[in-house]
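Hi everyone, thanks for making time this morning. I'd like to walk you through a model I've been looking at, starting from a single residue and working outwards.

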Amino acid sequence: RQTVRMGVTLEEDAGGLKYVHLTHKSGSSAKVFVYGADVTSYVDAQGTEWIAVRPDAKMDGSKPISGGLSHCFPQFGPGPIQQHGFARNVDWSMVDMDESSVTFSLDPNDYTKAMWDEPFSCFFKVGLTEAALETVLTVNNVDLKSEGFEFQAALHSYFDVSSIGATTISGDSFEGSSYLDKMADPPATCTETRKEITIAEEYDRVYKGVSDPVLKDEGKKRQLKILNKQGYKDTVIWSPYGNEAMGFNKFVCVESVAFDKVTLAGGESWVGEMALVPEPL
Ligand SMILES: O=P(O)(O)OC[C@H]1O[C@@H](O)[C@H](O)[C@@H](O)[C@@H]1O
């Protein structure tokens, strides 16, 4: 355990990866790993854990952490570079912190350039407030003379649930929305007819234009609003339903996604802002 700054400590997980432990006077806390700038835990002021890490996750840096609010950047995948991009399997740099918030940055290095040689710079801020966990990802094109680059970005968020059968995902915009069903072969575009999504089979769906999901958990008697305030226009729902090794019954991925490619000209920035707001049911 290493004190980085007054009140802020960098702790070491059993597998050797380092993380920041944030706390808030309301009683809430969060863990953010340096590897992937991944938020692997958010315990709200009432003591409810909202974020999951899969039991089969590798916690030693040998592959991205399968859990947390995992960044997919610069590609959501599949695509020309590795599935979900590289941002989740590199160490980010800590640039600012206090008891309740931390900011990381990510800049190109030889490893990332070999996959995607673009003049980007990312910042990711995570902060606890009285009633929420707030995140802001900023992607900058730092080369004023560049022609611009395209990217996708997502938080591949793993949420902890009491059980998948006790969980629903709702929100004003699901009913009537169009989704890409990636479980279909080939993937098929369908229309959602439900207001509330329940999961009883494997799911891998991209809901286009849905950005206001609410996770309701009858077991926890609580709900989590996933507020995508900026940038993340689409929602992906992923569940490896039935896969015991992945611990399918204890999590669902409700992902905040910029699925359509974003074009960033030289000097421009893109912001993805997502907050988690827990409430009673
Ligand atoms: O294990 P990871 O990298 O967290 O990814 C989980 C899943 O994420 C989904 O989005 C992909 O469609 C799956 O193929 C993948 O298995």
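**Starting from one valine**

Let's begin at V136, which sits in strand β10, the stretch covering residues 133-141. Before going further, please keep in mind that this is a predicted model. The confidence figures are these: the chain has a mean pLDDT of 96, with 97% of its residues at 70 or more. For the complex, the predictor reports an ipTM of 0.93 and a pTM of 0.96.

Back to our valine. Is V136 buried or exposed? Neither label fits: V136 counts as partly exposed, because 18 other C-beta atoms lie within 10 Å, and a residue needs 20 or more to be called buried. And what does V136 touch, once we leave aside its neighbours within four places in sequence? The contacts are K125, V271 and E273.

Now let me use V136 as a reference point for finding the ligand. D204 is 68 residues away from V136 in sequence, and the two C-alpha atoms are 25 Å apart in space. D204 is one of the residues around the ligand, and the others there are P64, S66, S70, H84, H156 and W238. By type, that shell splits into 2 nonpolar, 4 polar and 1 charged.

Let's zoom out to the chain as a whole. How many helices and strands does the chain have? There is 1 helix, and there are 21 strands. The chain is as compact as a globular protein of its length, because its radius of gyration of 18 Å is close to the 19 Å that the globule rule gives for 281 residues. Along the principal axes, the C-alpha trace spans about 45 × 45 × 30 Å. Of those 281 residues, 40% count as buried. As for contacts between residues at least 6 apart in sequence, 63% of them join residues at least 24 apart.

Finally, the interior. The largest nonpolar core contains 71 residues, and V32, C122, F159 and I237 have the most contacts inside it. Strand β20, residues 251-264, supplies the largest share of this core, with 8 residues. If you'd like one of those four to look at on screen, try I237: beyond its neighbours within four places in sequence, I237 is in contact with I169, I197, Y203, R205, Y207, C253 and V254.

That's my tour, from a partly exposed valine, V136, to the 71 residues of the largest nonpolar core. Thanks for listening, and I'm happy to go back to any view you like.

Terms used: Residues numbered from 1 in each chain as written. Predicted model: local features only at pLDDT ≥ 70, side-chain atom pairs only at ≥ 80, totals over all residues. pLDDT = per-residue confidence, 0-100. Helix = DSSP H or I, 4+ residues; strand = E, 2+ residues; numbered from the N terminus. Buried ≥ 20, exposed ≤ 12 C-beta atoms within 10 Å, placed from the backbone. Contact = placed C-beta atoms within 7 Å. Rg over C-alpha atoms; globule rule 2.2 N^0.38 Å. Near = placed C-beta within 6 Å. Nonpolar A, V, L, I, M, F, W, Y, C, P; charged D, E, K, R; others polar. Core = buried A, V, L, I, M, F, W, Y, C linked by C-beta atoms within 7 Å.
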